[in-house]
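These are my notebook entries on a single chain model. I set down each item I looked up, in the order in which I took it.

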Amino acid sequence: MTYAELAADYCFIEREPVDAKSRLFNSKFVQLRHGMRTSTVFANGNGNTGKRGAGVTFQWYSDRPCKLTGEAECFHLEARIQGSRACKRHGITASTIASFDLAAWWDRQWAENKIGLYQIDAERFGRGSITAANANGVGIRSLSAASITRMRGAGPWQKEF
């Protein structure tokens, strides 16, 4: 295995909670230890934690229906794992793919603080907080561990719902 996309869809009956979760995610989501990759939040509210490349990146969107059920009000989060070493590190191999526990994998990402919801300390954020801006003025941000603190009670993101 050299590539895997692991997705989680959160579907709602109304649009308002989808938009609220999207705003929360855009302002608080951090992937720690992601090297020089910069997180991007696009003008339409979608975002990612870097361009595709070896390792793990995350992408999210709330402007499309659920790929599995077709429900219109959906927040989609996916992890893109690229490279044979990264796949093996996450337990994804040709022999384990049929029995892979997707829910347990997502739980581990939150529990081991590989991803999370964080408050950004603007003073410690410092230089490089906005490394670029797209045509719509939406900033591309790069975070260091020193400039963030885990949100109190933010635990696994699923608990935010």
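**Entry: surroundings of Asn46**

I listed the contacts of Asn46, leaving aside its neighbours within four places in sequence, and found Thr40, Val41, Trp60, Tyr61, Ser62, Asp63 and Arg64. The model is a predicted one, and I read every value below with that in mind. Asn46 itself lies in the loop between strand E3 (39–41) and strand E4 (47–48). I then asked whether Asn46 counts as buried or exposed. Its relative accessibility is 6%, and because the limit for buried is under 20%, Asn46 counts as buried. One of its contacts is polar: the side chains of Asn46 and Asp63 are joined at 3.2 Å.

Two further residues on the contact list of Asn46 are Tyr61 and Arg64. I noted that the charged end of Arg64 sits over the ring of Tyr61, at 3.9 Å from the ring centre.

**Entry: salt bridges**

How many salt bridges does the structure hold? I recorded six. I took three of the pairs in turn.

I began with Arg80 and Glu5, whose side chains meet in a salt bridge at 3.8 Å, N to O. This pair links distant parts of the chain, with Arg80 in strand E6 (residues 74–82), Glu5 in strand E1 (residues 3–11), and the two positions 75 residues apart. I checked the accessibility of both partners. Arg80 counts as buried at 15% relative accessibility, whereas Glu5 is partly exposed, with a relative accessible area of 38%.

I turned next to Asp19 and Arg15, whose side chains meet in a salt bridge at 3.1 Å, N to O. Both residues lie in helix H1 (residues 15–28), four residues apart, which is about one turn of the helix. An α-helix has 3.6 residues a turn, so residues three or four places apart point the same way. Asp19 counts as partly exposed at 29% relative accessibility, and Arg15 counts as partly exposed at 28%.

Arg15 also meets the side chain of Glu73 in a salt bridge, at 3.1 Å, N to O. Here the pair links distant parts of the chain: Glu73 is in the loop between strand E5 (55–61) and E6, Arg15 is in helix H1, and they are 58 residues apart. Glu73 counts as buried, at 18% relative accessibility. I then looked for shared partners, and found that such salt bridges join Glu5, Glu78 and Arg80 into one network.

**Entry: aromatic pairs**

I searched the whole structure for aromatic pairs and found four. One of them is formed by Phe58 and Trp106, which are tilted, with 6.0 Å centre to centre and 55° between the planes. The pair links distant parts of the chain, since Phe58 is in strand E5, Trp106 is in helix H3 (residues 102–111), and the two are 48 residues apart. Phe58 counts as buried at 2% relative accessibility, and Trp106 is buried with a relative accessible area of 3%.

Trp106 also pairs with Trp105: the arrangement is edge-to-face, at 5.0 Å centre to centre and 80° between the planes. I noted that Trp105 is buried, as is Trp106. I also recorded one aromatic cluster, formed by Phe25, Trp60 and Phe75. Trp60 appears in the contact list of Asn46 as well.

**Entry: helix H3**

Which residues of H3 are buried? I listed Trp105, Trp106, Gln109 and Trp110. Seen down the axis of H3, these buried residues fall within an arc of 135°, so they line one face of the helix. On the other side of H3, I found Ala103 and Ala111 exposed.

I closed the entry with the two ends of the helix. Asp101 caps the N-terminal end of H3, with a side-chain oxygen 3.3 Å from the backbone nitrogen of Ala103. Just after H3, Asn113 takes a positive phi of about 60°.

Terms used:
Residues numbered from 1 in each chain as written. Predicted model: local features only at pLDDT ≥ 70, side-chain atom pairs only at ≥ 80, totals over all residues. Heavy atoms only, no water. Salt bridge = Lys/Arg side-chain N within 4 Å of Asp/Glu carboxyl O. Buried < 20%, exposed > 50% of the residue type's maximum accessible area, 1.4 Å probe, protein only. Polar contact = N/O pair within 3.5 Å; in protein donor to acceptor, adjacent residues only side chain to side chain. Contact = heavy atoms within 4.5 Å. Phe/Tyr/Trp six-rings, centres within 6.5 Å; stacked < 30°, edge-to-face > 60°. Lys NZ or Arg CZ within 6 Å of the ring centre and 35° of its normal. Arc of directions from axis to C-beta.
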